[in-house]
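Grab a coffee and work through a few exercises on the structure below. Each one has a task, then a solution you can follow step by step.

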Amino acid sequence: MLSPDHLHDLVAVNVSINSTIRPERDREDLWSPGAAAGDCEDYALTKRRYLIDLGWAPSQLLIAVVNDPLAGVHAVLIARTDQGDLVLDNLTDKVLRWDQTRLTFVSRQSERLPAMWVKL
């Protein structure tokens, strides 16, 4: 259930991590939660870790691969809620429902088996 407190968590974590991590392309494609500098995967993993620490279930927080018309292939965090899937993106501080973004969704982690990816 997406309560006002849960929505506040999503927005606060999105804004905080977006302003904390310095954007930097990986030389190697390393996924590093809590990095001081990194790319989209690092932002998404760090947001996921913070939200889990706030009590969110890991199955509600899935990494998705998208095509962004400006950034190209990109990773975002999806928060699954009763009001739809919400997108936490390092390119914007707004938390939007997936269908309110300009993104084309390619794949995302499976809810049941996070090591598996589901085509969208």
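**Exercise 1: a salt-bridge network**

Start with Arg108, which counts as buried at 15% relative accessibility. Keep in mind that this is a predicted model.

Task: find which residue Arg108 meets in a salt bridge, and which residues join the network.

Solution:
- Step 1. Buried means under 20% relative accessible area, so a residue at 15% makes the cut.
- Step 2. The side chain of Arg108 meets that of Glu111 in a salt bridge, 3.7 Å from N to O. The cut-off is 4 Å, so the pair qualifies.
- Step 3. Glu111 itself is partly exposed, with a relative accessible area of 38%.
- Step 4. Salt bridges with shared partners tie Arg80, Asp85, Arg108 and Glu111 into one network.

**Exercise 2: a link across the chain**

Task: the structure holds 6 salt bridges; take the one between Arg102 and Asp68 and work out where its partners sit.

Solution:
- Step 1. The N to O distance for Arg102 and Asp68 is 2.9 Å.
- Step 2. Arg102 lies in the loop between β6 (96-97) and β7 (104-109), while Asp68 is in strand β3; they are 34 residues apart, so the pair links distant parts of the chain.
- Step 3. Asp68 is buried at 4% relative accessible area, whereas Arg102 is partly exposed at 43%.

**Exercise 3: helix α2 and the core**

Task: check the span of helix α2 (residues 40-53), then decide whether the helix is largely enclosed or not.

Solution:
- Step 1. At 1.5 Å a residue, the 14 residues should span 20 Å. The end C-alpha atoms are 20 Å apart, which agrees.
- Step 2. Of the 14 residues of α2, 10 are buried, so the rest of the structure largely encloses the helix. Among them are Tyr43, Leu45 and Leu51.
- Step 3. Now look at the largest nonpolar core, which has 19 residues; Leu51 is one of those touching the most other members, along with Leu10, Trp56, Leu77, Ala79 and Leu88. α2 gives the most to this core, with 5 residues.
- Step 4. Just for context, nonpolar side chains tend to be buried together in soluble globular proteins.

**Exercise 4: two rings**

Task: classify the aromatic pair formed by Trp98 and Phe105.

Solution:
- Step 1. The ring centres are 6.0 Å apart, and the planes meet at 90°.
- Step 2. Planes over 60 degrees apart count as edge-to-face, so that's what Trp98 and Phe105 form.
- Step 3. Phe105 is buried at 15% relative accessible area, but Trp98 is partly exposed at 44%.

Definitions and conventions: Residues numbered from 1 in each chain as written. Predicted model: local features only at pLDDT ≥ 70, side-chain atom pairs only at ≥ 80, totals over all residues. Heavy atoms only, no water. Phe/Tyr/Trp six-rings, centres within 6.5 Å; stacked < 30°, edge-to-face > 60°. Buried < 20%, exposed > 50% of the residue type's maximum accessible area, 1.4 Å probe, protein only. Helix = DSSP H or I, 4+ residues; strand = E, 2+ residues; numbered from the N terminus. Expected span 1.5 Å × (residues − 1). Core = buried A, V, L, I, M, F, W, Y, C linked by side-chain atoms within 4.5 Å.
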